[in-house]
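Reader: Got a minute to go through this one with me? I'd like to start with confidence and then get into the strands and charges.

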Amino acid sequence: MNEWEWQLLEDKPALDQVTVAGVRFRTGDPVRLRPRHGGDIMDLALAGKTGIIESIEQVYEGTVQVAIVMDDDPGRDLGMLRQPGHRFFFNVEEIEAV
């Protein structure tokens with residue numbers, strides 16, 4: 001990436017909510033994961049598990065993803081501190097309200 005592309009990423013506004021199929025999700029909301037079919041091994045391992053939305057982020061292409069911290073993660077506090085390996089990113093279509 002060149003400098004201009006990095007600036008595009010940094011200029012994305014922080015989102016505190018997103019609406020999916022008429023359901024509004026906010027940072028801190030509890031959700032259940034429903035990863036798309038054909039995902040990777042982590043999608044399979046996390047399918048059906050619950051967590052909370054740590055952040056809602058607009059990615060480079062303009063799509064929205066949610067960062068989830070899992071309820072049963074023993075390192076959950078690290079996820080809330082935005083540490084790698086304790087936040088999992090999903091498309092908004094892959095979560096449902098609990």
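Author: Sure, here's a walk through confidence, strand pairing, salt bridges and a few single residues.

Reader: How far does the confidence go, what's the mean pLDDT of the chain?

Author: Keep in mind that this is a predicted model. The chain has a mean pLDDT of 87, with 88% of its residues at 70 or more.

Reader: And which elements have the lowest and highest mean pLDDT?

Author: Helix H1 (residues 3-10) is the lowest among the elements, with a mean of 64. At the other end, strand S3 (residues 30-33) has the highest, 97.

Reader: OK, strands. Is S5 mostly covered or uncovered?

Author: Mostly covered: of the seven residues in strand S5 (residues 64-70), six are buried.

Reader: What does S5 pair with, and how do they run?

Author: S5 is joined to strand S4 (residues 50-58) by seven bridges, and the two run antiparallel. S5 also has four bridges to S6, again antiparallel.

Reader: Which residues stand opposite Gln65?

Author: On the S4 side, Glu57 stands opposite Gln65. In S6, Asn91 stands opposite Gln65.

Reader: What about the hairpin of S4 and S5, how many residues sit between the strands?

Author: Five, and Gly62 in that hairpin takes a positive phi near 95°.

Reader: Switching to charges. How many salt bridges does the structure hold?

Author: Ten. Opposite charges on side chains can pair when the charged atoms come close. One of the ten is Arg82 with Glu57, where the closest N and O atoms are 2.7 Å apart.

Reader: Why does that pair tie separate parts together?

Author: Because Arg82 is in the loop between H3 and S6 while Glu57 is in strand S4, the pair ties together parts 25 residues apart in sequence. Glu57 is partly exposed, with a relative accessible area of 24%. Arg82 is also partly exposed, at 43%.

Reader: Which residues make up the network around them?

Author: Glu54, Glu57, Arg82 and Arg87, joined into one network by salt bridges that share partners.

Reader: And Arg34, what does that one form a salt bridge with?

Author: Glu96, with the closest N and O atoms 3.4 Å apart. Arg34 lies in the loop between S3 and H2 and Glu96 in strand S7, so this pair ties together parts that are 62 residues apart in sequence. Arg34 has a relative accessible area of 41%, which makes it partly exposed, and Glu96 is partly exposed at 30%.

Reader: What about Asp72, which residue is its partner?

Author: Lys49, with the closest N and O atoms at 3.3 Å. Asp72 sits in the loop between S5 and helix H3 (76-80) and Lys49 in the loop between H2 and S4, so to speak a link between distant parts of the chain, 23 residues apart. Asp72 is exposed, with 51% relative accessible area, whereas Lys49 counts as partly exposed at 32%.

Reader: Now Glu94. Buried or exposed?

Author: Buried, with a relative accessible area of 5%, and the cut-off for buried is under 20%. Glu94 is in the loop between strand S6 (88-91) and strand S7 (95-97).

Reader: What does Glu94 touch?

Author: Leaving aside residues up to four places away in sequence, Glu94 touches Arg32, Leu33, Arg34, Pro35 and Arg36.

Reader: Last one: which residues make the nonpolar surface patch?

Author: Ile41, Met42 and Leu44, and the patch is about 330 Å². Leu44 belongs to helix H2 (residues 41-46) and is exposed, with a relative accessible area of 64%.

Definitions and conventions
Residues are numbered from 1 along each chain as its sequence is written. This is a predicted model: local features need pLDDT of at least 70, side-chain atom pairs count only at pLDDT 80 or more; totals for chains, interfaces and linings use all residues. Side-chain values use heavy atoms; hydrogens and water are left out. Buried means under 20% relative accessible area, exposed over 50%, partly exposed in between (1.4 Å probe, protein chains only). Contact means heavy atoms within 4.5 Å. Two strands pair if DSSP finds at least two bridges between them. pLDDT is the predictor's confidence in each residue, from 0 to 100. Patches are made of residues with over 30% relative accessible area and no salt bridge: like charges are joined within 9 Å, nonpolar side chains (Val, Leu, Ile, Met, Phe, Trp, Tyr) within 5 Å. Accessible areas come from the Shrake-Rupley method with a 1.4 Å probe; for residues, only the protein chains shown count as cover. A salt bridge is a side-chain nitrogen of Lys or Arg within 4 Å of a carboxyl oxygen of Asp or Glu.
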